[in-house]
Amino acid sequence: MSLGILGRKLGMTQVFDAEGRAIPVTVVEAGPCPVTQIKTEATDGYTALQIGFIETREKVLSKPEIGHCKKAGLEKPVRHLHEFRMDDVANYTLGQAVTVDIFSDGQVIDVAGTSIGKGFAGGQKRHHFARGPMAHGSKNHRAPGSIGAGTTPGRVFPGKKMPGHLGNVRVTIKKLTVIRVIPERNLILIKGGIPGVEGSLVEITPNKKVGR
Amino acid sequence: MSSMNAQEIIRSLEAEQMKPVLPVLHIGDTVKVNVRIREGGKERTQSYEGTIISMQRSGINRTVTVRRVFQGIGVERVFLVHSPRVESMTVTRLGRVRRAKLYYLRDRIGKATRVKQKIVRKST
């Protein structure tokens, strides 16, 4: 129930902390994201804030999308829109820019993105199956093995782990740490890796505590 | 959106962290490395001297592997040259070698582990 930001994954590098340790970081260019729509209990039945990211040409958007951006009073239309459920939206106005200063150094965050597509992958890669012996006359190297019992039940159970498409799905990595925020360059350095290829769109939100 | 591309942004971030001056290091050189180490809450500098047998990666990720034989046991340490923990590196002897990785030194003992010294004559 808190505001996040949209960003573009730039790649990874390492930075040194006060102790001199090298910390692996992912560099994300996040924002500025203009507010494109404010949803309230009265108008939409729930409260949320919609923000846009990456200014673009009108040519790449559809007419409804251009109209939506015009309605928000944006000078340039935006390519990506994303909505964040909020408790209170009274402090926000249309067109107001959301920037990386909503995060601070050391804050714990969640990052969501589309993972790297691996195509059609076998059992070893997709579900971490064990492989068969590579030698001693074995012909069972990367085969999936038995996929169930025989006549009873006479079918394969739904959800059986099998080879298939891997990756290119939405993945959220929770509890990552912000190492440094650079507001003047719209950059945020996040400890460790985040989902997606370089250049892909990611959502950064404050860490959502689950349970307890 | 900034006008810089992703690689330029990352390189500029790395540039802030990199040491402005580094000694010119070559494979086979003997170097003395002063390393800051923490012992029971206190910090002190330890020096370590040996032969560079390998250099890997570039930019901020540059590492050198320094080998020495200490009490008959081969010791190899990998230093991240831009790390603040590596206080200073000084070349004490230039080596003349013909390959990029001196892993063959691991199989040698005694006098055979020596690397030929490179004699540099001043030009003109």
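**Exercise 1. Determine whether Thr56(A) is buried or exposed, and describe its surroundings.**

Solution. Thr56(A) has a relative accessibility of 9% and therefore counts as buried; buried means under 20% relative accessible area, exposed over 50%, and partly exposed in between, with a 1.4 Å probe and protein chains only. The model is predicted: local features need pLDDT of at least 70, side-chain atom pairs count only at pLDDT 80 or more, and totals for chains, interfaces and linings use all residues. Residues are numbered from 1 along each chain as its sequence is written, chains are lettered from A and ligands numbered from 1 in the order in which they are written, and side-chain values use heavy atoms, with hydrogens and water left out.

Next, locate the residue. Thr56(A) sits in the loop between β4 (48–55) and α2 (63–71) of chain A; helices (H or I, at least four residues) and strands (E, at least two) are DSSP runs, numbered from the N terminus.

Then list the neighbours. Leaving out residues up to four places away in sequence, Thr56(A) touches Leu61(A), Lys76(A), Pro77(A), Val78(A) and Arg79(A), where contact means heavy atoms within 4.5 Å.

Finally, take a distance. Between the C-alpha atoms of Thr56(A) and Thr99(A), which are 43 residues apart along the chain, the separation is 18 Å.

**Exercise 2. Carry out the corresponding analysis for Ala72(A), stating whether it is buried or exposed.**

Solution. The loop that holds Ala72(A) runs between α2 and β5 (78–85) of chain A. With a relative accessible area of 6%, Ala72(A) is buried. Beyond residues up to four places away in sequence, Ala72(A) touches Val35(A), Thr36(A), Leu94(A) and Gly95(A). From Ala72(A) to Lys208(A), 136 residues apart in sequence, the C-alpha to C-alpha distance is 29 Å.

**Exercise 3. Identify the backbone features at Pro153(A), Asn186(A) and Arg57(B).**

Solution. Begin with the reference case: most residues other than glycine have a negative phi, and most peptide bonds are trans.

First, the peptide bond. The bond from Thr152(A) to Pro153(A) is cis, its omega being near 5 degrees. Pro153(A) belongs to the loop between α3 (123–127) and β9 (164–166) of chain A.

Second, Asn186(A). Although not a glycine, Asn186(A) has a positive phi of about 55 degrees. Asn186(A) is placed in the loop between β10 (170–182) and β11 (187–191) of chain A, and it is buried at a relative accessible area of 18%.

Third, Arg57(B). This residue other than glycine also has a positive phi, near 60 degrees. Arg57(B) lies in the loop between β2 (42–56) and β3 (63–70) of chain B and counts as exposed at 55% relative accessibility.

**Exercise 4. Explain why chain A is described as more spread out than a compact globule, and characterise the chain.**

Solution. Chain A has three helices and 12 strands. Its radius of gyration is 23 Å, well over the 17 Å that the globule rule gives for 212 residues, so chain A is more spread out than a compact globule. The radius is taken over C-alpha atoms, and the rule is 2.2 Å times the number of residues to the power 0.38. Along the principal axes, the C-alpha trace of chain A spans about 70 × 50 × 45 Å.

Consider burial and contacts next. Of the 212 residues in chain A, 39% are buried. Among contacts in chain A between residues at least 6 apart in sequence, 69% join residues at least 24 apart.

**Exercise 5. State how many helices and strands chain B has, and give its dimensions.**

Solution. Chain B has one helix and five strands, in the order α-β-β-β-β-β from the N terminus on. Its radius of gyration is 17 Å, whereas a compact globule of 124 residues would have a value near 14 Å. The C-alpha atoms fill a box of roughly 60 × 50 × 30 Å along the principal axes. Buried residues account for 31% of the 124 residues in chain B.

**Exercise 6. Quantify the interface: how many residues are in contact, and which three residues of chain A supply 32% of the area that it buries?**

Solution. The size of an interface is often given as the accessible area lost when the parts come together. In this model, 21 residues of chain A are in contact with 19 residues of chain B. The two chains bury about 1800 Å² between them, 54% of it on carbon and sulfur atoms; buried area is the accessible area (1.4 Å probe) that two parts lose on being put together, summed over both. Gln14(A), Phe16(A) and Arg185(A) supply 32% of the area that chain A buries against chain B, more than any other three residues.
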